[in-house]
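Grab a pencil and open your viewer. Here are a few exercises on how two chains meet, each with a worked solution.

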Number of protein chains: 2
Amino acid sequence: MIRYLKTDPWKIIEEGFNPQHHQSSESIFSLGNGKFGQRANHEEKYSGKHLQGSYVAGVYYPDKTLVGWWKNGYPEYFAKVLNATAWSIIHVHVNGEELDLAVTPVKDFVRELDMQRGLLTRSFTACFANGVECKVITQRFLSMHNENIAAIRYSITPLNAPATITFHSQLDGVVKNHDSNYDEMFWESIHQEVSQGSGSVVTRTKKTAFELAVAMCHEMQGVAWKSDEVAPAQVSSTFEGKFAVGEDAVLYKYVGIENSLYQSKERVNAVAQAHAATALQEGYETLLQAHTAAWARVWEMGDIVINGDDEAQQGIRFNIFHLNQTYTGKDARLNIGPKGFTGEKYGGSTYWDTEAYCIPFYMATKNQEVARQLLNYRHVQLEKAIENAAKLGFNNGAALYPMVTMNGEECHNEWEITFEEIHRNGAIAYAIYNYTRYTGDESYVMEKGWEVLLGIARFWAQRVHWSEQKSLYVMHGVTGPNEYENNVNNNWYTSYLAVWCLKYASSILHQLKAHDETAFAAGCHKWQLDWNQTSAQWQDIIEKMYLPQKEGSSIFLQQDGFLDKVLMPAAELDSAERPINQHWSWDRILRSCFIKQADVLQGIYFFEEDFDLATIQANFDFYEPMTVHESSLSPCVHSILAAKLGYEEKAVEMYMRTSRLDLDDYNHEAHEGLHITSMAGTWMAVVQGFGGMRVKGDQLTFQPILPTQWESYQFRVNHRGVVKEVNVSKDGVRIEEVKGVAAS
Amino acid sequence: MIRYLKTDPWKIIEEGFNPQHHQSSESIFSLGNGKFGQRANHEEKYSGKHLQGSYVAGVYYPDKTLVGWWKNGYPEYFAKVLNATAWSIIHVHVNGEELDLAVTPVKDFVRELDMQRGLLTRSFTACFANGVECKVITQRFLSMHNENIAAIRYSITPLNAPATITFHSQLDGVVKNHDSNYDEMFWESIHQEVSQGSGSVVTRTKKTAFELAVAMCHEMQGVAWKSDEVAPAQVSSTFEGKFAVGEDAVLYKYVGIENSLYQSKERVNAVAQAHAATALQEGYETLLQAHTAAWARVWEMGDIVINGDDEAQQGIRFNIFHLNQTYTGKDARLNIGPKGFTGEKYGGSTYWDTEAYCIPFYMATKNQEVARQLLNYRHVQLEKAIENAAKLGFNNGAALYPMVTMNGEECHNEWEITFEEIHRNGAIAYAIYNYTRYTGDESYVMEKGWEVLLGIARFWAQRVHWSEQKSLYVMHGVTGPNEYENNVNNNWYTSYLAVWCLKYASSILHQLKAHDETAFAAGCHKWQLDWNQTSAQWQDIIEKMYLPQKEGSSIFLQQDGFLDKVLMPAAELDSAERPINQHWSWDRILRSCFIKQADVLQGIYFFEEDFDLATIQANFDFYEPMTVHESSLSPCVHSILAAKLGYEEKAVEMYMRTSRLDLDDYNHEAHEGLHITSMAGTWMAVVQGFGGMRVKGDQLTFQPILPTQWESYQFRVNHRGVVKEVNVSKDGVRIEEVKGVAAS
């Protein structure tokens with residue numbers, strides 16, 4: 001745990017510049033608006049360690065797979081969200097000396113992310129070697145109102161001597177992904193132009209041929225335009241002025257962004273320029289006002305208030321803030337990358353995290369169309385999932401969704417995950433069920449979802465096999481959510497989920513048949529489905545699936561052979577060896593009993609209604625002590641179950657861990673980017689955990705608990721168009737409908 | 001199976017040039033003499049697909065590891081034998097037109113490897129576009145008499161018109177490994193010189209700083225020296241003459257090689273030049289005579305004669321020939337790379353193949369010092385094996401030998417193999433036992449081997465763990481020799497071998513103690529060994545180790561859960577899907593019952609005396625049908641067991657498969673290099689399989705069978721300094737001592 005940021009209910013504050021944490025700060029203070037995002041890179045030159053990063057949603061590059069030992073079925077490419085034209089650069093010189101926080105000493109440095117307004121501010125006093133001291137205040141935002149616009153206000157004021165101040169504002173399209181497998185450039189330059197401080201750069205991705213245009217305009221206060229510079233994929237403009245002590249030099253930089261997902265290639269440059277020009281015309285304050293108002297609407301619906309514990313409060317808002325920056329649900333082609341726009345790890349692609357963790361958040365805090373769009377994303381990619389399964393030897397329309405994907409094709413290349421972590425298929429089916437049950441909207445599953453369910457069920461029916469020895473169906477060679485076990489037989493979670501999928505798909509198909517016999521017949525024809533035979537086969541598996549359980553107990557076994565391990569609590573591990581994935585060799589991790597993330601408990605969380613409380617408790621008590629939570633997706637599920645079981649202390653511990661995972665950098669990896677998808681799990685920990693929210697038929701029910709150290713907490717959920725506010729305090733629980741607030 | 005070579009008892013013959021098989025031919029016709037080796041690259045330019053390859057034993061480079069997803073414990077480097085200065089190049093022009101078999105049509109092409117003499121010959125008629133036709137005859141050898149010398153005789157004769165013939169003979173040190181992970185150069189140029197046709201090139205490996213000098217001299221017949229050319233790490237000389245029809249232009253190229261493993265860096269160049277000069281002075285015929293005489297001595301001891309089946313005869317000689325080309329046992333720093341000098345795959349490093357397959361061959365066909373040297377190789381690397389085990393979390397002197405190594409450090413980077421295929425440790429212990437029992441030489445194990453055994457036994461004692469559930473010791477997370485199962489629990493072979501190691505180490509240490517109490521106490525002190533405690537702990541494991549077995553039968557289970565698989569014979573597989581490792585995704589292979597190579601049967605082969613014939617038969621009958629033999633190391637073990645069981649047809653089928661694996665290219669990979677180490681398995685298939693040779697106490701015993709289609713076969717073995725000849729014919733078996741023949 002690393003703690004260098006101040007606690008505040010609405011703000012993230014760094015007091016004093018911490019170069020050693022700067023890369024983490026760049027992630028933590030990132031901004032985004034669903035369409036593009038920007039790490040908190042300093043505007044001015046910074047020669048210290050940092051990771052320059054501007055990312056644009058949906059614009060990807062198929063980087064050639066890097067692999068030690070090739071296995072059949074590995075994909076040729078790993079699609080990656082691209083580090084794109086850097087637009088936040090404003091280099092600063094004072095009397096010819098460059099400002100560089102790795103060189104120039106600074107005083108009173110404060111970096112502040114105002115989450116309420118989506119505004120990043122820095123202020124400090126720079127002490128130049130030439131003797132001049134200047135006050136610097138920078139501010140920027142990526143508009144939530146107009147998602148094609150960003151704005152920066154850069155002000156610098158001499159404090160002790162008059163000075164010449166020079167701004168050198170750039171757009172730099174010569175950018176390389178830090179995670180490029182073979183150190184290749186993914187972009188080529190197409191066009192650049194600049195004239196009197198207004199300019200633009202157009203670049204095109206190799207292979208995928210996306211075009212991206214970034215334009216800039218400037219508004220000056222005290223400085224005057226001096227010159228423009230142009231090079232392939234790079235433009236810049238220089239502004240300069242002489243300033244008396246106390247006199248402000250201010251540069252406003254307005255940035256417009258557009259790409260060929262939204263505009264024809266002929267138009268992207270003109271449109272980006274128009275965005276920048278519009279921004280200049282509207283002016284900084286007007287833009288900021290519209291942006292702040294948009295954030296206010298987000299918070300009005302989505303905020304969670306926790307009174308009496310500022311760390312808990314700051315944590316949950318940090319999570320909600322970043323989720324809203326990452327994905328706004330406006331574009332069906334987009335999804336939620338595990339790092340959002342805050343880093344490059346994991347390629348920015350789609351994982352099962354979306355279905356298992358993110359959908360509940362977006363479903364309850366947004367219009368239900370947003371969740372439907374996320375479901376639709378997988379329906380659109382069904383054909384690719386069928387192709388993917390065919391590559392692995394499955395047939396007859398069996399669908400295996402990829403572990404990682406951008407366009408439906410598999411990107412991942414570790415056999416134990418790519419080929420074996422097939423439980424992802426179940427989460428995708430579960431999300432359909434979850435959406436339908438929560439929203440009451442049966443139209444998705446009836447129109448499209450059933451096809452996804454059919455493909456998935458067909459996969460499971462082929463993936464199990466009959467064990468003569470057991471006289472039961474078994475499932476070999478899988479990796480569960482607990483990736484600290486590979487290639488195991490009969491992973492309880494995966495097998496349970498598979499059976500559930502067969503049941504659910506079966507019931508949906510029966511429903512479809514009952515509802516419209518003709519349409520069903522057409523569907524059977526389309527998918528070459530002999531329903532009677534298939535239904536019987538599925539039923540046989542449902543009835544005869546082997547699900548490992550500890551003899552004479554209600555403990556479900558994570559997999560065959562689990563009880564043969566040396567079982568010991570993680571608390572007994574030497575803290576110098578934690579996290580074990582940074583200290584132990586892989587075989588040692590695999591042989592140990594230690595669990596990376598909820599596995600059996602993930603299943604119990606999904607299908608809570610199938611188990612009595614004693615069973616839930618027995619399994620929690622058995623598995624939780626062996627769980628090291630080295631996946632960001634682990635603590636939230638434990639927090640929810642702990643809350644249900646009345647383990648308040650554990651629930652709060654797990655909640656703090658998930659909500660402050662990046663703020664307190666538990667796993668020493670915030671510098672690579674934030675854990676965006678697990679942030680939705682944090683939301684679940686409050687709403688489903690402490691709030692005890694469940695769906696019962698057409699109703700939401702709540703069984704709240706109030707952690708001792710909290711005074712009260714409050715959240716709102718959108719349920720079928722009605723916004724409900726839940727307020728839990730020492731005085732009791734108040735649930736009421738909120739009028740005049742709509743989830744957008 | 002690909003068959004384009006002629007069958008002949010002593011020769012490998014290619015009639016008609018097959019460009020589509022040229023890369024395979026380059027492997028099959030390779031030459032070597034234990035110190036260096038050369039693929040059968042054409043001397044003249046060849047613009048078609050080929051793999052230029054000159055390799056020098058023991059000269060390696062630590063290439064940076066290539067990996068998709070890093071795991072703790074992976075090595076930073078993969079040591080690779082280096083593709084070194086190309087010395088066989090003689091470019092040829094006729095009237096200015098270059099000879100290039102990818103362009104110039106040829107008639108009557110014959111390539112012939114005379115295994116008896118170690119001589120590679122090509123002859124053909126080249127039909128130049130300029131109308132001239134020439135007869136070309138090339139011949140070369142790498143001296144087995146003076147291992148620092150190679151010689152080429154290149155003759156070309158105009159057949160239909162007088163012609164100017166130009167030879168352009170080169171040494172080219174600008175060479176890249178084809179398997180370079182990051183496309184880097186491993187060599188830098190140090191020195192080059194050339195004068196009137198005599199020259200040399202000195203190059204140095206980056207990082208490891210080995211220096212290699214290659215020198216050349218020429219003898220001319222009809223041509224005259226014309227010019228020299230020099231560039232960094234490259235020298236060449238041009239020779240030219242005018243020739244009447246029927247008049248021969250002949251160039252003799254003498255090559256001397258030396259490297260800094262054997263000479264100081266100051267001297268390598270001079271020594272290489274001296275080798276070349278000596279060769280020139282002795283002349284081609286004298287050199288060839290000495291070379292042929294050296295081969296005659298090898299064959300006198302090591303030949304196996306099979307009468308009545310030329311394919312079987314050619315196969316076994318091909319194997320014996322390449323084994324002798326690869327390793328001669330003269331240098332304790334060298335070992336037997338899986339591809340020898342015939343290709344780059346697997347890096348040319350040392351695998352468990354040496355102990356499990358190669359030692360019996362070298363032990364019986366060479367002086368026993370050769371096998372002792374191979375054992376010593378591991379003793380020298382013991383400290384590194386202890387370091388390797390420590391990296392994986394073991395302590396107290398536990399040793400885990402690497403999966404792949406050049407200098408004792410692990411090179412491999414696939415977790416399921418690097419960390420889990422630990423049975424290699426057992427094979428290394430077994431080789432000590434095997435050597436001691438065969439040679440009767442107890443001095444190795446008493447002086448050095450016991451330290452290796454101690455380290456290995458300590459590893460096993462830590463690698464097993466107590467299962468509360470089973471009340472037995474178990475071993476989790478291993479990969480057996482059958483690499484088509486990964487991360488399994490209780491692999492019978494590995495567990496059986498581990499127990500055997502503990503027993504053997506225990507008995508040796510008891511012996512040592514009984515033999516010399518003081519020396520033993522010193523040894524205990526050196527290795528911090530509390531023998532009483534350790535001995536008791538080992539004994540406990542020996543007595544309580546879990547070895548999976550099919551209930552109510554004598555079938556040992558390959559691993560936990562094996563009987564839960566769908567069991568079916570490989571014969572039922574669609575032949576279009578064979579080999580499965582080229583058609584199936586990895587998870588599908590893992591889930592299937594199909595076995596890559598002998599696993600349980602490998603254990604039964606090693607410890608045959610522990611099992612009655614019915615048990616051996618039951619296990620063979622159970623496992624062999626499921627075995628796809630997609631490892632080169634598989635068929636030989638099956639052939640031996642089949643012979644023992646009287647399954648003659650199966651024994652012959654497996655013998656043919658192992659002996660002609662590369663000649664008939666069963667696995668479509670001869671172009672990458674030959675399967676050198678499995679060639680020793682071929683030898684075992686004849687001697688231990690058909691010949692039924694076993695060690696019983698101080699004696700060798702034989703229980704030969706004669707395959708129906710063979711008339712007779714005959715082999716010699718060196719046993720404790722006495723050479724015995726075994727002759728098996730339809731008339732019976734004759735075993736006699738051969739006087740006047742010594743294994744060298």
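The exercises below deal with a predicted model.

**Exercise 1. Work out how chain B is placed relative to chain A.**

Step 1: Start from the general picture, in which two copies of a chain are related by a rotation about an axis and a shift along it.

Step 2: Here, laying chain B on chain A takes a turn of 180° and a shift of 0.0 Å along the axis, and the RMSD comes out at 0.0 Å. That's the relation of a two-fold axis.

Step 3: Now look for the axis from chain B's side: V67(B) has the C-alpha nearest to it, 2.5 Å away.

Step 4: Check which surfaces meet. Of the interface residues of chain B, 100% are also interface residues in chain A, so the copies meet through the same surface.

**Exercise 2. Size up the contact between chain B and chain A, and find which three residues supply the most area on chain B's side.**

Step 1: Take the residues: 45 come from chain B and 46 from chain A.

Step 2: Take the area. The two chains bury about 3,900 Å² between them, with 51% of it on carbon and sulfur atoms. On chain B's side, W69(B), D564(B) and R591(B) supply 20% of the area buried against chain A, more than any other three residues.

**Exercise 3. Describe the polar side of the interface and the elements of chain B that take part.**

Step 1: Count the pairings. The rule finds 6 salt bridges across the interface, and 20 residue pairs in polar contact, both partners at pLDDT 80 or more.

Step 2: Map the elements. In chain B, α8 (415-418), β20 (465-467) and α14 (586-591) each supply at least two residues of the side that touches chain A. α14(B) gives the most, with 5 residues.

Step 3: Sort that side of chain B by residue type: 16 are nonpolar, 17 polar and 12 charged.

Step 4: Zoom in on one salt bridge. K470(A) pairs with D564(B), and their closest N and O atoms are 2.3 Å apart.

**Exercise 4. Is H412(B) buried or exposed, and what does it touch?**

Step 1: Find H412(B) in the loop between α7 (382-391) and α8 of chain B.

Step 2: Its relative accessible area is 5%. Buried means under 20%, so H412(B) is buried.

Step 3: List the neighbours. Leaving out residues up to four places away in sequence, H412(B) touches W69(A) from the other chain, plus P75(B), F78(B), M403(B), V404(B), I417(B) and T418(B).

Step 4: Add the polar partner: the side chains of H412(B) and E414(B) make a polar contact at 3.0 Å.

How values were computed:
Residues are numbered from 1 along each chain as its sequence is written. Chains are lettered from A and ligands numbered from 1 in the order in which they are written. This is a predicted model: local features need pLDDT of at least 70, side-chain atom pairs count only at pLDDT 80 or more; totals for chains, interfaces and linings use all residues. Side-chain values use heavy atoms; hydrogens and water are left out. Contact means heavy atoms within 4.5 Å. Buried area is the accessible area (1.4 Å probe) that two parts lose on being put together, summed over both. A salt bridge is a side-chain nitrogen of Lys or Arg within 4 Å of a carboxyl oxygen of Asp or Glu. A polar contact is a pair of N or O atoms within 3.5 Å; within protein, one must be able to donate a hydrogen and the other to accept it, and residues adjacent in sequence count only if both atoms are side-chain atoms. Helices (H or I, at least four residues) and strands (E, at least two) are DSSP runs, numbered from the N terminus. Ala, Val, Leu, Ile, Met, Phe, Trp, Tyr, Cys and Pro count as nonpolar, Asp, Glu, Lys and Arg as charged, and the others, Gly among them, as polar. Copies are superposed by least squares on the C-alpha atoms of residues with pLDDT of at least 70 in both. Buried means under 20% relative accessible area, exposed over 50%, partly exposed in between (1.4 Å probe, protein chains only).
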